[in-house]
Amino acid sequence: MEVQELHQSYGDYTAVRGVSFTVARGELFALLGTNGAGKTTTLEVVEGYRAPTSGQVRVLGLDPYRDGPAVRRRIGVMLQEGGFFNELTVRETVDSWRGFITGARRTAEVLEQVDLAGRAGTRVGQLSGGERRRLDLALAVLNGPELLFLDEPTTGMDPEARRNTWRLVKELRAAGTTVVLTTHYLEEAQQLADRVAIMTEGRIAATGTVAEVLSGRGSRISFPVPHRLHPADLPELPDGRPVFDGAPGHQTAAYAVERTAPALAALHRWAADLGVELDGIEVRSASLEDVFLELAHEKASHR
Ligand SMILES: Nc1ncnc2c1ncn2[C@@H]1O[C@H](COP(=O)(O)OP(=O)(O)OP(=O)(O)O)[C@@H](O)[C@H]1O
């Protein structure tokens with residue numbers, strides 16, 4: 001998939017302002033962003049549901065808008081909430097969708113793949129939220145797609161169901177399917193994606209492998225604000241002031257630092273001078289969530 005300088009407007013409002021990215025065959029690419037950043041709009045163009053206002057889009061070597069039917073035969077789209085008939089069983093639902101697809105895979109095989117074989121005779125209205133999402137996934141892979149779009153595939157799932165879905169997605173990818181994922185769960189992108197792009201306000205603010213996006217983002221040092229002290233008493237480091245989390249009296253201070261060792265040394269010197277203990281100190285590398293929040297924050301402060 002290749003997207004070059006995509007712009008997309010709704011009347012006077014420009015939702016996507018010059019987005020470029022490529023997704024290689026067999027890759028798992030995650031498109032992340034704050035609400036309203038333009039992810040759904042971008043995906044609707046790539047899936048062929050909208051003509052781009054300007055820019056070039058190629059999917060499987062074709063123009064997804066002009067060659068819509070040819071592209072849609074080879075892609076799968078898992079929508080955010082498929083409209084099901086609650087009275088039909090899982091098997092009947094898949095069977096009825098098979099009628100719309102030439103060369104559809106066998107129902108039993110697809111249900112096996114999404115871990116719903118044991119629920120084949122259950123009415124859709126009786127499924128849990130996570131099982132309904134897996135049924136959405138079954139319908140998206142019914143045509144054996146080369147390229148699969150997953151729009152927030154684990155929303156509403158408990159942690160175990162989420163992990164099971166991650167396993168399914170990894171299996172699909174291992175079998176050669178190219179996957180484009182949007183998600184609000186950054187841990188999901190960190191677990192699954194070969195490459196990510198983070199969108200804010202219609203543009204890509206950061207992109208690359210997770211390691212590339214995290215590189216140069218340093219680490220986070222946090223500890224409970226020591227008793228007798230107030231947040232304002234904490235020192236400023238060369239990287240800046242800490243941010244605070246938690247209720248008054250039980251706050252945690254967190255410093256974002258580029259280089260960990262000198263920052264730790266400075267904090268220990270400060271604590272020793274005051275005669276306080278820095279109990280419960282934690283050091284960890286920046287996560288995708290930290291980068292996401294920083295980019296979202298930068299965007300808000302430029303307003
Ligand atoms: N059909 C439409 N007509 C007018 N404006 C629209 C339309 N669809 C989306 N928008 C606007 O375009 C912007 C981008 O929306 P989009 O749905 O692409 O964002 P998103 O990144 O998918 O957000 P979310 O994470 O909330 O789903 C938003 O400000 C939205 O209000």
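How far is an oxygen atom of the ligand from an N or O atom in the side chain of lysine 39? The distance is 2.7 Å, and since this is a predicted model, please read that value as part of the prediction. Welcome to a short tour that begins at the ligand and then moves on to two sheets. One of them has three strands, in the order β2-β1-β4, and the other has four, in the order β11-β12-β10-β13.

**Around the ligand**

- The ligand is surrounded by 13 residues, and the closest of these are Gly36, Gly38, Lys39, Thr40 and Thr41.
- Lysine 39 has company in its polar approach to the ligand: a polar side-chain atom of threonine 40 lies 2.5 Å from a ligand oxygen atom.
- For threonine 41, an N or O atom in the side chain is 2.5 Å from an oxygen atom of the ligand.
- On its own the ligand would expose 640 Å², of which the protein buries 61%.
- Two elements, β2 (13–22) and α1 (39–46), give two or more residues each to the shell around the ligand.
- Helix α1 supplies the largest share of that shell, with three residues.
- Sorted by class, the shell holds seven polar, four nonpolar and two charged residues.

**The three-stranded sheet**

- This sheet is open and its pairing is antiparallel, with β1 placed between β2 and β4 in the order.
- Strands β2 and β4 (54–58) are the edge strands; each has a single partner, so one side of each has no neighbour in the sheet.
- On average, neighbouring strands here are turned by 25° against each other, direction ignored.
- Seven bridges connect β1 to β2, and the two strands run antiparallel; in this pair, tyrosine 10 stands opposite tyrosine 13 of β2.
- The link between β1 and β2 is a hairpin with two residues between the strands. Glycine 11, in the turn, has a positive phi of about 60°.
- On the other side of the order, β1 (residues 2–10) is joined to β4 by four bridges, again with an antiparallel run. Glutamine 4 stands opposite glutamine 56 in β4.
- Helix α1 ties this sheet to the ligand story: it lies across β1, β2 and β4 and runs at about 115° to β1, while also giving three residues to the ligand shell.

**The four-stranded sheet**

- This second sheet is open as well, and its strands pair in an antiparallel way.
- What stands at its edges? Strands β11 (243–245) and β13 (282–285) do, each with a single partner strand, so one side of each is left without a neighbour in the sheet.
- Neighbouring strands of this sheet are turned by an average of 25° against each other, direction ignored.
- Strand β10 (residues 219–224) is joined to strand β12 (residues 252–257) by six bridges, and the two run antiparallel. Serine 219 stands opposite valine 257 in β12.
- Helix α9 (residues 260–274) packs on the sheet and touches β10, β12 and β13. The direction of α9 makes about 20° with that of β10.

**A general reminder for both sheets**

- Strands of a sheet pair through backbone hydrogen bonds, in either a parallel or an antiparallel way.

How values were computed
Residues are numbered from 1 along each chain as its sequence is written. This is a predicted model: local features need pLDDT of at least 70, side-chain atom pairs count only at pLDDT 80 or more; totals for chains, interfaces and linings use all residues. Side-chain values use heavy atoms; hydrogens and water are left out. A residue is near a molecule or strand if one of its heavy atoms lies within 4 Å of it. A polar contact is a pair of N or O atoms within 3.5 Å; within protein, one must be able to donate a hydrogen and the other to accept it, and residues adjacent in sequence count only if both atoms are side-chain atoms. Accessible areas come from the Shrake-Rupley method with a 1.4 Å probe; for residues, only the protein chains shown count as cover. Ala, Val, Leu, Ile, Met, Phe, Trp, Tyr, Cys and Pro count as nonpolar, Asp, Glu, Lys and Arg as charged, and the others, Gly among them, as polar. Two strands pair if DSSP finds at least two bridges between them. Axes are lines fitted to C-alpha atoms, for helices over the stretch in contact, and angles run from 0 to 180 degrees between N-to-C directions. Contact means heavy atoms within 4.5 Å.
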